[in-house]
Amino acid sequence: MADFQGSLLEFVDVDDPTDIAPQPFGDGPDRTLLDHGAWIDVVRGWMRGADALFEHLADVVEWQAERRQMYERVVDVPRLLCFYDDGDELPHPALVRAKAALDRQYEPELGEPFRTAGLCYYRDGRDSVAWHGDRIGRGRQEDTMVAIVSVGAPRALLLRPRFGSGETRRYELGHGDLIVMGGSCQRTWDHAVPKTARPAGPRISIQFRPSGVR
């Protein structure tokens, strides 16, 4: 596993949990409109104290290594996982504050609050997630939102249109960056975190979703 190199620009009191918190949205993030009714919002450095949050989550979360059927064989999932359902206690108060901030910003547009939190631990460049959309459940047929907070070292998140040809978009996300995928994004676009042969430190993504979206 690669060593984690924290941001040199981050100054927080790691012993004070209230010092790890999302930044105010202000007038709201700048939105990028995609094809087919999809959009994304990106807020750099949204989570203050993200490096301390990464180290806490890496230590205390009960990470699970899963295996899944892939065609004719069972393979290891190339990342560690943990899922917090609606009502489960989240592993750090900063995640409670993040969910509350996301609800204040997006619930008027979404029409409902975020309910679940899925965590993925990418330990190094060999860990990845293949092209997919969050289309298990309502995301297959309905517009929805998925908000992802990235803590730890930056990794590339790629997006490409699901139908036809189009530009693949690349976002290096880490150290507290937030990306929100909305509109038809889960139905009409796919996203991935590819493997990389370049040195890559560990990263944790926290995905907030409404009920019935996976």
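Which residues are linked with Arg31 in a network of salt bridges? In this predicted model, the network joins Arg31, Asp41 and Glu109. Arg31 also takes part in a contact with an aromatic ring: the charged end of Arg31 sits over the ring of Trp39, at 3.4 Å from the ring centre. A second arrangement of this kind involves Arg214, which lies over the face of Phe83, 4.0 Å from the centre of the ring.

Trp39 leads on to the aromatic residues. A pair of aromatic rings is described by the distance of the centres and the angle of the planes. The model contains five aromatic pairs. One of them is formed by Phe25 and Tyr106, with 6.0 Å from centre to centre and 90 degrees between the planes, and is edge-to-face. Phe25 belongs to the loop between strand 1 (21-22) and strand 2 (31-33), whereas Tyr106 belongs to helix 2 (residues 93-110), so the pair ties together parts that are 81 residues apart in sequence. Phe25 has a relative accessibility of 15% and therefore counts as buried. Tyr106 is buried as well, with a relative accessible area of 0%.

Another pair consists of Trp63 and Tyr121. Their ring centres are 5.1 Å apart and their planes stand at 50 degrees, so the pair is tilted. Trp63 is located in the loop between helix 1 (50-60) and strand 5 (67-70), and Tyr121 in strand 8 (residues 116-122); the pair therefore ties together parts that are 58 residues apart in sequence. Both Trp63 and Tyr121 are buried. Ring pairs also build a cluster, made up of Phe25, Trp39, Trp46 and Tyr106. Phe25 and Tyr106, the edge-to-face pair, are thus described again as members of this cluster.

The strands form the next topic. Strands of a sheet pair through backbone hydrogen bonds, either parallel or antiparallel. Seven strands form an open sheet here, in the order 2-3-13-10-15-8-7, and the pairing is antiparallel. Strand 2 and strand 7 (80-84) stand at the edges with a single partner strand each, so one side of each has no neighbour in the sheet. From one strand to the next, the twist averages 20 degrees. Strand 8 and strand 15 run antiparallel and are joined by seven bridges. Within this pairing, Thr116 has Arg209 of strand 15 as its bridge partner. Helix 2 lies across strand 2, strand 3, strand 10, strand 13 and strand 15, and runs at about 45 degrees to strand 15. Tyr106, described above as a member of the aromatic cluster, lies in this helix.

The structure as a whole holds 14 salt bridges. Arg209, the bridge partner of Thr116, forms one of them with Asp134, and the closest N and O atoms are 2.8 Å apart. Asp134 lies in the loop between strand 9 (129-132) and strand 10 (146-152) and Arg209 in strand 15 (residues 203-209), so this salt bridge ties together parts that are 75 residues apart in sequence. Asp134 is buried at a relative accessible area of 3%, and Arg209 counts as buried at 8% relative accessibility.

Two further salt bridges can be described. In the one between Asp124 and Arg126, the closest N and O atoms are 2.7 Å apart. Asp124 counts as buried, at 11% relative accessibility, whereas Arg126 is exposed, with a relative accessible area of 60%. Arg138 and Glu142 form the other, with 3.1 Å between the closest N and O atoms. Arg138 counts as partly exposed at 27% relative accessibility, and Glu142 counts as partly exposed at 38%.

Backbone angles complete the description. Most residues other than glycine have a negative phi, and most peptide bonds are trans. His36 has a positive phi, near 65 degrees. This residue is found in the loop between strand 2 and strand 3 (38-43) and counts as partly exposed, at 46% relative accessibility. His175 also has a positive phi, near 50 degrees. The position of His175 is in the loop between strand 12 (169-173) and strand 13 (177-183), and at 25% relative accessibility His175 counts as partly exposed.

Notes:
Residues are numbered from 1 along each chain as its sequence is written. This is a predicted model: local features need pLDDT of at least 70, side-chain atom pairs count only at pLDDT 80 or more; totals for chains, interfaces and linings use all residues. Side-chain values use heavy atoms; hydrogens and water are left out. Rings of Phe, Tyr and Trp (its six-membered ring) pair if their centres lie within 6.5 Å; planes under 30 degrees apart count as stacked, over 60 as edge-to-face and the rest as tilted. Helices (H or I, at least four residues) and strands (E, at least two) are DSSP runs, numbered from the N terminus. Buried means under 20% relative accessible area, exposed over 50%, partly exposed in between (1.4 Å probe, protein chains only). A charge sits over a ring if NZ of Lys or CZ of Arg is within 6 Å of the ring centre and within 35 degrees of the ring normal. A salt bridge is a side-chain nitrogen of Lys or Arg within 4 Å of a carboxyl oxygen of Asp or Glu. Two strands pair if DSSP finds at least two bridges between them. Axes are lines fitted to C-alpha atoms, for helices over the stretch in contact, and angles run from 0 to 180 degrees between N-to-C directions. Contact means heavy atoms within 4.5 Å.
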